[in-house]
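Please walk through this model by its helix contacts first, then by individual residues and the loops between elements.

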Amino acid sequence: MKHGLFITLEGPDGSGKTTQIEKMREYLQDQGNQVLVTREPGGTSIGERLRELILSRESEEMDPLTEALLYAAARAQHVEQVIRPALERGKFVICDRFIDSSIAYQGYGRRLGDSVSIINAYAVKGCMPDATFLLKLDPAMGRNRIEQKQRDRIELEHADFHELVFHGYEELELQYPQRIIGIDASREISEVTEDILQHLERLLER
Ligand code: TYD
């Protein structure tokens, strides 16, 4: 049985998710809540090893389907070992990327389509976010914020790939208006935070 609240953050690379997650953590903890912040791919020791494998520049020859399956495998481990137990203990779980990343990056970006949703439905076994903040920022702007030499294998993909990913996110936002909250992330950091915290407050009232 699930008691806590599961929140995910999504958006293009360089959209400022990490900064906003820290603000959300502070806000929720100040109200006396127990908060667990985690990320994908990763969040478990097995997941971090898979992250290393997936994102390494040495994994150039990785087939798109292998990539999708590895993200889903890391997610299955993460849900069972970390997310579901924390929710059962009544915690707030904030996760930096989750299932929507796979649908946007592998489904749209790599053009694997619906198979990605199917693989992932199998991986998460019903453990879906209660709310998802989608930080919307022109992917080219996001990428400019990441220094060339720090870019991982996915971030090194050409601009067209990142445009497809962003289009995928917009489709998801239309498809799941109850869950996905679009946030204009091109504004000042403090304005973005204020917007997110207002939505969060409303979520807590529900
Ligand atoms: P992220 O942790 O946001 O990158 P960083 O910490 O370097 O800013 O995500 C790593 C990359 O993995 C990012 O480019 C998005 C990609 N990704 C997918 O393609 N599919 C997925 O399912 C997930 C979770 C991430």
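The crossing of H4 and H7 is right-handed; a crossing has this hand if the near helix is turned clockwise from the far one by less than a right angle, and is left-handed if anticlockwise. H7 covers residues 159–175, and its axis comes within 8 Å of that of H4, at roughly 130°. Axes here are lines fitted to C-alpha atoms, for helices over the stretch in contact, and angles run from 0 to 180 degrees between N-to-C directions. H4 and H7 are therefore oblique to each other; angles under 35 degrees count as roughly parallel, over 145 as roughly antiparallel, 65 to 115 as roughly perpendicular, and the rest as oblique. From H4, the contact is made by Asp-100, Ser-101, Ile-103, Ala-104, Tyr-105, Tyr-108 and Gly-109, and from H7 by Phe-161, Leu-164, Val-165, His-167, Gly-168, Tyr-169, Glu-171 and Leu-172. Contact means heavy atoms within 4.5 Å. By class, the residues of this contact are nine nonpolar, four polar and two charged; Ala, Val, Leu, Ile, Met, Phe, Trp, Tyr, Cys and Pro count as nonpolar, Asp, Glu, Lys and Arg as charged, and the others, Gly among them, as polar.

The model is predicted: local features need pLDDT of at least 70 and side-chain atom pairs count only at pLDDT 80 or more, while totals for chains, interfaces and linings use all residues. Residues are numbered from 1 along each chain as its sequence is written, and side-chain values use heavy atoms, with hydrogens and water left out. Helices (H or I, at least four residues) and strands (E, at least two) are DSSP runs, numbered from the N terminus.

Ile-103 lies in H4 and is one of the residues that this helix brings to the contact with H7. Ile-103 is buried, with a relative accessible area of 13%; buried means under 20% relative accessible area, exposed over 50%, and partly exposed in between (1.4 Å probe, protein chains only). Leaving aside neighbours within four places in sequence, Ile-103 is in contact with Tyr-108, Val-116, Ser-117 and Leu-172. Ala-159 is 56 residues from Ile-103 in sequence, and the two C-alpha atoms are 18 Å apart.

Two loops adjoin H4. Arg-97 is found in the loop between strand S3 (92–96) and H4 (99–109), and Arg-111 in the loop between H4 and helix H5 (115–124). Phi is positive in Arg-97, near 75°, although the residue is not glycine. Phi of Arg-111 is also positive, near 60°. Is each of these arginines buried or exposed? Arg-97 is buried, at 11% relative accessible area, whereas Arg-111 counts as exposed, at 65% relative accessibility.

A second helix pair is H2 (residues 45–55) with H3 (residues 64–88), whose axes lie 9 Å apart at an angle of about 165°. H2 and H3 are therefore roughly antiparallel to each other, and H2 passes H3 in a left-handed crossing. H2 contributes Ile-46, Gly-47, Leu-50, Leu-53, Ile-54 and Leu-55 to the contact, and H3 contributes Glu-67, Leu-70, Tyr-71, Ala-73, Ala-74 and Gln-77. This contact has nine nonpolar, two polar and one charged residues.

Which residues of H2 are buried? They are Gly-47, Leu-50, Arg-51, Ile-54 and Leu-55. These residues cover an arc of only 115° around the axis, which puts them on the same side of H2; the arc is that of the directions from the helix axis to the C-beta atoms. The buried residues of H2 pack against S2 and H3. On the other side of H2, Ser-45, Arg-49 and Glu-52 are exposed.

The loop between strand S2 (35–39) and H2 holds Pro-41. A cis peptide bond joins Glu-40 to Pro-41, with omega about -10°.

Helix H1 (residues 17–30) includes Thr-19, and Gln-20 is found in H1 as well. Thr-19 counts as partly exposed, at 37% relative accessibility, whereas Gln-20 counts as buried, at 4%. Apart from neighbours within four places in sequence, Gln-20 is in contact with Leu-9, Leu-135, Ile-189, Val-192, Thr-193 and Ile-196. Thr-193 also pairs with Thr-19 in the distances: 174 residues separate the two along the chain, and their C-alpha atoms are separated by 8.9 Å.
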